[in-house]
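Colleague: Could you take me through one part of this model slowly? I am still learning how to read these pictures.

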Amino acid sequence: MNRPQQHQRHQNQPHHQYHRQHRLTPTTDRSEIVPTIVQFEGVSKTFETKQQTVTAIDGIDLSIEEGEIFGVIGYSGAGKSTLVRLVNGLERITGGRLIVDGNDIGAMRESELRKVRLGIGMIFQQFNLFRSRTVAGNVAYPLRVAGWKKEARDRRVAELLDFVGLLDRAHDYPDQLSGGQKQRVGVARALATSPKLLLADESTSALDPETTQEVLRLLQKVNRELGVTIIVITHEMDVVRSIADRVAVLEKGKIVEQGAVFDIFSDPQTDTARRFISTVIRNQPSHTDLDRLQKVHSGRIVNVEIHESVRIGDILTHAFTEHGVRFEVVYGGIGAIQERSFGSLTLELNGPDDGIDAFLAQLRTVTTVEEVRS
Ligand SMILES: Nc1ncnc2c1ncn2[C@@H]1O[C@H](COP(=O)(O)OP(=O)(O)OP(=O)(O)O)[C@@H](O)[C@H]1O
């Protein structure tokens, strides 16, 4: 179960080499370094109902690279499930071109698609386990379908259950397991035929926050140790923040924003992305917080963005001697996304207005500063 060479190269690549579509001019052509495993080229999917034509996916361009964890986030009805069902050919595209592991999915017959599906694992929100089969029986199921002999099957099932930490539960039934354990079985089953690609459709949405993190850590292990590319479909930004390398924000069947997770978090371009981010990052005061702050603090209030490379210590240290400005930290927090510092501090500033203006100008040379009250 070695990780492919290509994947290691990808993991060692610095994050800044991920360029953002529609935004930054690429400094490196990543396609030269890491092969693409899923390529959407102007892909559309419409459903014809009796009353109307529903456009679920509306001209999507997207490249997912071998060895990455790619998040697709969107609200209910955005088209996430449809997108994932297009990848494994459970739904057929109605426009554009979709290449999955070198296969032109839209042009294939159902019998050919079945072969492609063997290289794609899937896990689901409701786990979709057979209640009448044991844990081992569930994991063995795809191997039976693929015609594996009993001995090889048993060996593989034991290996998989060991990998997901459930070897001792092999003879239990799904109903005897917790939600997190059920999803571990789902992961083991999805990996049975050694897929290159794993699709996780709201795979943690039925789980509590702690169990969610446990399953996400398992997905990370699948990615890192087995080199499996993972597409994570979710409506939870915390899931994206926890494990994805890159993310696409889906809205009404269109990708409105995509890029490296850190870039999206630190510099969102759309209101939709901003709304998702605000569900997990609460470094900046809400309107209610601001009302409270304004009642208690009479000075000027500014939000200062903090990044790994941003050094504001010196500027703050000399605020009084250089500009006659005193500051107080009144709100904020600094955490990490993709192992890089990220956050915001809210400062109350007191002193002469021109001094504060000069101080802010100096801060703005190193980071983004937003005055929330003047
Ligand atoms: N088989 C179908 N027939 C008609 N319309 C469909 C069908 N499947 C999906 N749609 C429509 O396509 C749009 C996208 O649905 P989809 O289920 O992909 O969204 P989603 O983002 O996964 O939402 P949710 O998180 O609620 O499942 C919706 O308007 C939905 O009603």
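To begin, how many bridges join S6 to strand S7?

Modeller: Happy to help! This is a predicted model, so to speak of local features we need pLDDT of at least 70, and side-chain atom pairs count only at pLDDT 80 or more, while totals for chains, interfaces and linings use all residues. Residues are numbered from 1 along each chain as its sequence is written.

Strand S6 (residues 120–124) is joined to strand S7 (residues 197–201) by 5 bridges, and the two run parallel. Strands (E, at least two residues) and helices (H or I, at least four) are DSSP runs, numbered from the N terminus, and two strands pair if DSSP finds at least two bridges between them. Within this pair, Phe 124 of S6 stands opposite Asp 201 in S7.

S6 is also mostly covered, with 4 of its 5 residues buried. Buried means that 20 or more other C-beta atoms lie within 10 Å of a residue's own; exposed means 12 or fewer, partly exposed is in between, and C-beta atoms are placed from the backbone.

Now for the wider setting. The chain is divided into domain 1 (5–119 + 195–278) and domain 2 (287–373), with bounds from an automatic or database domain assignment. Their contact takes 6 residues from domain 1 and 5 residues from domain 2; two residues are in contact if their C-beta atoms, placed from the backbone, lie within 7 Å. On the domain 1 side, helix H9 (residues 261–266) gives the largest share, 4 residues.
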